[in-house]
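Okay, my turn. Let me put the model up, and then I'll talk you through the surface and the core.

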Amino acid sequence: MLEDRIKEWKAQYRREGLQEGREAGLRAGRQEGRQEGRQEGRQEGSTIEARLILSRLLARRFGALPAEVRERLDQAPLEQLENWIDRFYDAGSLEQVFH
């Protein structure tokens, strides 16, 4: 009888421990997901902002942008946009910015 009660308690504690572990894992997973989502959102926002700024700078200095330039801007990652922004200041033409 006592042995059966002990087995029952062990099983109950095991279930409770598993449940607590699952809940802790879910909380940690949600927190990590939120952090990753915020980071991705910041990265995307920075890319969009760099793209818009560079487009405005180029159009102001060189006039209406050709479709191929707009397409390159739309597809470029942040690092490439930043490189083009750096080149913009010394460039005398669109070609010098992109090559």
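So, on the surface, Leu-2, Ile-6 and Trp-9 make a nonpolar patch, with about 290 Å² of accessible area together. Patch members have over 30% relative accessible area and no salt bridge (Lys or Arg side-chain nitrogen within 4 Å of an Asp or Glu carboxyl oxygen), and nonpolar side chains are joined within 5 Å. Areas are Shrake-Rupley with a 1.4 Å probe, and for residues only the protein chains shown count as cover. Leu-2 sits in helix 1; helices here are DSSP runs of H or I, at least four residues, numbered from the N terminus. Leu-2 counts as exposed because its relative accessibility is 59%; exposed is over 50%, buried under 20%, partly exposed in between.

Quick housekeeping: this is a predicted model, with local features needing pLDDT of at least 70 and side-chain atom pairs pLDDT 80 or more, while totals for chains, interfaces and linings use all residues. Numbering runs from 1 along each chain as its sequence is written, and side-chain values use heavy atoms, without hydrogens or water.

Now helix 3. Leu-78, Leu-81, Trp-84, Ile-85 and Phe-88 are buried there. They fall within an arc of 120° down the axis, so they line one face; the arc uses directions from the helix axis to the C-beta atoms. On the other side, Glu-79 and Asp-86 are exposed.

And what does Phe-98 contact, beyond neighbours within four places in sequence? Leu-58, Val-69, Arg-72, Leu-73, Trp-84 and Arg-87, with contact meaning heavy atoms within 4.5 Å.

Conventions: Patches are made of residues with over 30% relative accessible area and no salt bridge: like charges are joined within 9 Å, nonpolar side chains (Val, Leu, Ile, Met, Phe, Trp, Tyr) within 5 Å. Helices (H or I, at least four residues) and strands (E, at least two) are DSSP runs, numbered from the N terminus. Buried means under 20% relative accessible area, exposed over 50%, partly exposed in between (1.4 Å probe, protein chains only).
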